[in-house]
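Q: Please take me through one loop of this chain and the parts around it, in a connected account. Keep to what can be read from the model, and explain the terms as you go.

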Amino acid sequence: MSGTAEPIEAGLTEQERAEIDAWLTRFPDSPEGKRSAVIPALHIVQHNSGGWLPRARMDAVAEYLELAPTRVYEVATFYGMFDVEPVGRHKVNICTNISCMLRGSNEIVAYAEKKLGIRLGETTSDGRITLKREEECLAACAGAPMMLVDEVYYTELTPEKIDQILDELE
Ligand code: FES
């Protein structure tokens, strides 16, 4: 993740179009199939846009998939894995759903907030880390409490592990 506030470019790159086309082959050649491709398309674009989805980039996805822009905005704002505001270079999602909560995720969140000097939903002043509000189960309950940092899962969190993981993020 590059963590830049500005997108590389507003439209889709050739590479992005090719990646979206590859996803489209997995779905029916129909409007429904194109709607199914919105999630992977947004993942591709977000990955290349500093970890978030500028409006112009979502519009480019909508145009490419021949969908109403509002359809794409709905998906982007519904799922916690997408961000429509600038984020830090790293996104830290500490799961606070039921299994993680029962195993101390609230204490882990409080520890991370204190360590970073920010609250959930905020970004450190140096642009290094965004502490995301994560209410969905991240599907690794066996390792609760757990967190997702960018695209890597960390399980059985303790304050010591939080120190080690966060200190290693550039
Ligand atoms: S509740 Fe946290 S991973 Fe499922």
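A: Ser49 sits in the loop that runs between helix H3 (38–47) and helix H4 (55–64), where helices (H or I, at least four residues) and strands (E, at least two) are DSSP runs numbered from the N terminus. This is a predicted model, in which local features need pLDDT of at least 70 and side-chain atom pairs count only at pLDDT 80 or more, while totals for chains, interfaces and linings use all residues. Residues are numbered from 1 along each chain as its sequence is written, and side-chain values use heavy atoms, with hydrogens and water left out.

Ser49 counts as buried because its relative accessibility is 0%; buried means under 20% relative accessible area, exposed over 50%, and partly exposed in between, with a 1.4 Å probe and protein chains only. The side chain of Ser49 makes a polar contact of 2.9 Å with the side chain of Arg57. A polar contact here is a pair of N or O atoms within 3.5 Å; within protein, one must be able to donate a hydrogen and the other to accept it, and residues adjacent in sequence count only if both atoms are side-chain atoms. Arg57 is itself one of the buried residues of H4, together with Met58, Ala60, Val61 and Ala62. The cover over the buried residues of H4 includes H1, H3 and H5, contact meaning heavy atoms within 4.5 Å.

On the other side of the loop, H3 is mostly covered, with seven of its ten residues buried. Those residues are Val38, Pro40, Ala41, Leu42, Ile44, Val45 and Gln46, and what covers them includes helix H1 (14–24), helix H2 (31–36), H4, H5 and strand E1 (90–94).

Two packed helices are described by the angle between their axes and the distance between the axes. H3 packs with helix H5 (residues 69–78) at an angle of about 70 degrees, and their axes are 10 Å apart; axes are lines fitted to C-alpha atoms, for helices over the stretch in contact, and angles run from 0 to 180 degrees between N-to-C directions. That makes H3 roughly perpendicular to H5, since angles of 65 to 115 degrees count as roughly perpendicular, under 35 as roughly parallel, over 145 as roughly antiparallel and the rest as oblique. H3 contributes Val38, Ile39 and Leu42 to the contact, and H5 contributes Val72, Val75 and Ala76. Sorted by class, the contact of H3 with H5 holds six nonpolar, no polar and no charged residues, with Ala, Val, Leu, Ile, Met, Phe, Trp, Tyr, Cys and Pro counted as nonpolar, Asp, Glu, Lys and Arg as charged, and the others, Gly among them, as polar.

Val72, which lies in helix H5, is buried, with a relative accessible area of 0%. Leaving aside neighbours within four places in sequence, Val72 is in contact with Val38, Leu42, Met58, Val61 and Ala62. Of these, Val38 and Leu42 are among the buried residues of H3, whereas Met58, Val61 and Ala62 are among the buried residues of H4. Val72 and Arg35 lie 37 residues apart in sequence and 8.6 Å apart in space, C-alpha to C-alpha.

H4 is followed by Glu66, which is placed in the loop between H4 and H5. The phi of Glu66 is near 55 degrees, a positive value in a residue other than glycine. Unlike Ser49, which is buried, Glu66 is exposed, with a relative accessible area of 62%.

To place this region in the whole chain, the division is into domain 1 (14–78) and domain 2 (90–167), with bounds that come from an automatic or database domain assignment. The centres of the two domains, taken over C-alpha atoms, are separated by 28 Å.

A loop elsewhere in the chain offers a parallel to Ser49. Thr124, in the loop between helix H7 (105–116) and strand E2 (129–132), is also buried, with a relative accessible area of 10%, and its side chain forms a polar contact of 2.6 Å with the side chain of Asp126. Not counting residues up to four places away in sequence, Thr124 touches Leu116, Ile118 and Ile129.
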